[in-house]
Amino acid sequence: MERFPRHLLDGYRAFATQRLPTEQSRYRDLSERGQSPEVMVIGCCDSRVSPEVIFDAGPGELFVVRNVANLVPVYQPDSGAHGVSAALEYAVNVLKVKHIVVLGHAQCGGIRAFIDKIQPLSPGDFIGKWMQMFIKPGEVVEQREHETMQDFTIRIEKAAVFRSIENLMTFPFVRERVQNGETNLHGAYFGVAEGSLFVLDRTTKEFVSARMASSE
C-alpha cells in the first residue's frame, strides 16, 4: 500500500491541534443539526482557486461544487449521470440556498485548452466533450481583430461565467426561486496573481472590483 501523502497528514495534525479546538463546538453543532448554508458556489477544480479560502468561509458556510472551468450545463433530465445538476438540485430544493455564485478565474486551464484546441484535450476525450457545452450549437468563438490573446482569454473566461448563469435559469426549480425572489444568482472572477476579486454587476454586465461592489 502506498503511503498517504505526508504533507496532508501534517496539515491535518496542524488543523487538529490549532484550528479544531477553536471550532469544535461548531463541528458538533453541524453534526447534530446538519448543514444549512445560504450560499452555493460553483467554482473551478483549479487548486489555486479555493472558494473557502477566497471568501474566508468557515465550516458549514458554503455549499461548494467544483468542476473544470466552473461550468453549469443546461437542464437535461435524461438517463445520464449529471453531477453538477444533482448538486444544484440538492442545494436549491433541499438546502434552499439564497445565493448561487458562479466563480470564474484567470489562467483557467480548461478555457485555454478550449481556445487553443490543444492535445490531449481533443474532442474525443472527457475534457474536450465537457468544454463543448460552453458554446451553443452553431456558435463560433474566435479571437477578435486587434484583440490580444490575453484579452481574448480573459473575455472567454468571463463569458463562461455568463453562460453558466444563463444555463442556471434553464433549471425549472432555479428559475422559479429566482423569479419569486427566494434565490439570487451572482457571478465573480478571481485574479490568481493579485488575489483580486471582481463581482458581476447584473445591470451593467461588467465585473467590478469587490472593494467597490455593494452587498445585498
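Buried, as used here, means under 20% relative accessible area, exposed means over 50%, and partly exposed is anything in between. Keep in mind that this is a predicted model.

**Around D46**

With that cut-off in hand, take D46. Its relative accessible area is 14%, so D46 counts as buried. You'll find D46 in the loop that runs between β1 (39-44) and α2 (51-54). What does its side chain pair up with? The side chains of D46 and R48 are joined by a polar contact of 2.6 Å. Once neighbours within four places in sequence are set aside, D46 is also in contact with R66, H105 and Q107.

**The cysteines**

Just before D46 in the numbering come C44 and C45, which raise an obvious point about bonding. A disulfide is a covalent bond between the sulfur atoms of two cysteines. How many disulfides does the model have? With a cut-off of 2.5 Å between cysteine sulfur atoms, the count comes to 0 disulfides. C44 is in none, and its nearest cysteine sulfur, in C108, sits 4.2 Å away. C45 doesn't bond either, because its sulfur is 5.7 Å from the closest cysteine sulfur, that of C44, which is too far. Is each of these two buried or partly exposed? C44 is buried, with a relative accessible area of 6%, whereas C45 is partly exposed at 44%.

**Salt bridges**

A search of the whole structure turns up 12 salt bridges. Here are three of them, with the closest N and O distances.

| Pair | N to O distance |
|---|---|
| R6 and D10 | 3.2 Å |
| E23 and R19 | 3.0 Å |
| E139 and R163 | 3.2 Å |

Start with R6 and D10. These two are 4 residues apart in helix α1, so about one helical turn separates them. The geometry behind that is simple: an α-helix has 3.6 residues a turn, so residues three or four places apart point the same way. As for accessibility, R6 is exposed, with a relative accessible area of 59%, while D10 is partly exposed at 36%.

E23 and R19 tell a similar story. Both lie in helix α1, again 4 residues apart, or about one turn of the helix. Which side of the cut-off does E23 fall on, buried or exposed? At 17% relative accessibility E23 counts as buried, and R19, at 39%, counts as partly exposed.

Then there's the salt bridge between E139 and R163. E139 is in the loop between α5 (126-132) and α6 (149-168) while R163 is in helix α6, so this pair ties together parts that are 24 residues apart in sequence. R163 is buried, with a relative accessible area of 14%, and E139 is partly exposed at 33%. The pair also belongs to a bigger arrangement: K136, E139, R163 and E166 are linked in a network of salt bridges.

**A nonpolar patch**

Back to the start of the chain for a bit of surface. Which residues make up the nonpolar patch there? F4, L8 and L9 form it, and together they have about 280 Å² of accessible area. L9 is part of helix α1 (residues 6-33). At 30% relative accessibility, L9 counts as partly exposed.

**Helix α4 and T153**

Helix α4 covers residues 109-116, and its buried residues are G110, I111, A113, F114 and I115. What do they pack against? The buried residues of α4 pack against α5 and α6. Right after α4 comes K117, which has a positive phi, near 55 degrees.

From the α6 side, T153 is a handy residue to look at. T153 is located in helix α6 and is buried, with a relative accessible area of 8%. Leaving out residues up to four places away in sequence, T153 touches I111, R112 and I115. Two of those names, I111 and I115, are also on the list of buried α4 residues. For a sense of scale, the C-alpha atoms of T153 and V84 are separated by 24 Å, with the two residues 69 apart along the chain.

Key. Residues are numbered from 1 along each chain as its sequence is written. This is a predicted model: local features need pLDDT of at least 70, side-chain atom pairs count only at pLDDT 80 or more; totals for chains, interfaces and linings use all residues. Side-chain values use heavy atoms; hydrogens and water are left out. Buried means under 20% relative accessible area, exposed over 50%, partly exposed in between (1.4 Å probe, protein chains only). A polar contact is a pair of N or O atoms within 3.5 Å; within protein, one must be able to donate a hydrogen and the other to accept it, and residues adjacent in sequence count only if both atoms are side-chain atoms. Contact means heavy atoms within 4.5 Å. Patches are made of residues with over 30% relative accessible area and no salt bridge: like charges are joined within 9 Å, nonpolar side chains (Val, Leu, Ile, Met, Phe, Trp, Tyr) within 5 Å. Accessible areas come from the Shrake-Rupley method with a 1.4 Å probe; for residues, only the protein chains shown count as cover. A salt bridge is a side-chain nitrogen of Lys or Arg within 4 Å of a carboxyl oxygen of Asp or Glu.
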